Amino acid sequence: MEMINAIGRRKSSVARVYLTDGTGKITINNKELETYFPSAILQYVVKQPLQLLEAEGKYDVKVNLDGGGFTGQSQALRLAIARALVKINAEDKKQLKDAGFLTRDSRAVERKKPGQPKARRRFQFSKR
């Protein structure tokens, strides 16, 4: 199998994934998964599509992650891995879509408006 690549985005994070046959090693920005995401919850989020398809030990995953915070990065990575798995085997698409791993979460921070301290918060109104 040749190298399969896919992209995933969430908030301001971008994850570029390169999948190859291997032993299940996940490398993010030239670091191991456990050192890049020390939290067990974030490691679980990243591995969810692989666990769903029981493909944890089959592929090596090399990732370039950029922008955003750790939660957005982990969810962008989950989307990218799911998209790459669909490129490998199209029959897995329904299973991944039903689990919600192929849906791009479009929520992002709303911009600050002029004349207000935040996006929706207004300065305190004084009648007198």
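**Strands, helices and single residues**

Biologist: How many bridges join strand 1 and strand 2, and in which sense do they pair?

Modeller: Strands of a sheet pair through backbone hydrogen bonds, either parallel or antiparallel. Strands (E, at least two residues) and helices (H or I, at least four) are DSSP runs, numbered from the N terminus, and two strands pair if DSSP finds at least two bridges between them. Within this pair, alanine 6 stands opposite valine 17, and the bridge partner of arginine 9 is valine 14. Strand 1 and strand 2 are joined by seven bridges, and the sense is antiparallel.

Biologist: This is a predicted model, in which local features need pLDDT of at least 70 and side-chain atom pairs count only at pLDDT 80 or more, while totals for chains, interfaces and linings use all residues. Residues are numbered from 1 along each chain as its sequence is written, and side-chain values use heavy atoms, with hydrogens and water left out. Which residue of the hairpin of strand 1 and strand 2 takes a positive phi?

Modeller: The hairpin has two residues between its strands. The residue in question is found in the loop between strand 1 and strand 2 and is exposed, with a relative accessible area of 52%. Here exposed means over 50% relative accessible area, buried under 20% and partly exposed in between (1.4 Å probe, protein chains only). Its phi is near 55°, although it is a residue other than glycine: the name is lysine 11.

Biologist: Which residue in the loop between strand 3 and strand 4 has a positive phi?

Modeller: Its phi is about 50°, although the residue is not a glycine. The residue is partly exposed, at a relative accessible area of 28%. In the loop between strand 3 and strand 4, it is asparagine 29.

Biologist: Which side chains of strand 1 point to the face where they are buried?

Modeller: Side chains alternate along strand 1. Asn5, Ile7 and Arg9 point to one face and are not buried. Those pointing to the other face, where they are buried, are Ile4, Ala6, Gly8 and Arg10.

Biologist: Which strands are the edges of the sheet?

Modeller: The sheet is open, with five strands in the order 1-2-5-3-4 and mixed pairing. Strand 2 (residues 13-21) and strand 5 (residues 59-66) run antiparallel and are joined by eight bridges; among the partners, valine 14 goes with aspartate 66 and threonine 20 stands opposite aspartate 60. An edge strand pairs on one side only, and the two edges are strand 1 (4-10) and strand 4 (31-32).

Biologist: Helix 3 packs on this sheet; what angle does its direction make with that of strand 1?

Modeller: Helix 3 touches strand 1, strand 2, strand 3 (26-28) and strand 5, where contact means heavy atoms within 4.5 Å. Axes are lines fitted to C-alpha atoms, for helices over the stretch in contact, and angles run from 0 to 180 degrees between N-to-C directions. The buried residues of helix 3 include Leu77, Ala80 and Ile81. The angle with strand 1 is about 145°.

Biologist: How far apart are the end C-alpha atoms of helix 3?

Modeller: The expected span of a helix is 1.5 Å times one less than its number of residues. For the 19 residues of helix 3 this should be 27 Å. The distance in the model agrees, at 27 Å.

Biologist: Are helix 2 and helix 3 roughly parallel or roughly antiparallel to each other?

Modeller: The axes of helix 2 (residues 40-52) and helix 3 (residues 70-88) come within 8 Å and cross at roughly 10°. Angles under 35 degrees count as roughly parallel, over 145 as roughly antiparallel, 65 to 115 as roughly perpendicular and the rest as oblique. Helix 2 and helix 3 are therefore roughly parallel.

Biologist: Which residues does phenylalanine 70 touch?

Modeller: Phenylalanine 70 lies in helix 3 and is exposed, with a relative accessible area of 57%. Its C-alpha is 9.1 Å from that of tyrosine 36, although the two are 34 residues apart in sequence. Not counting residues up to four places away in sequence, phenylalanine 70 touches Phe37 and Leu42.
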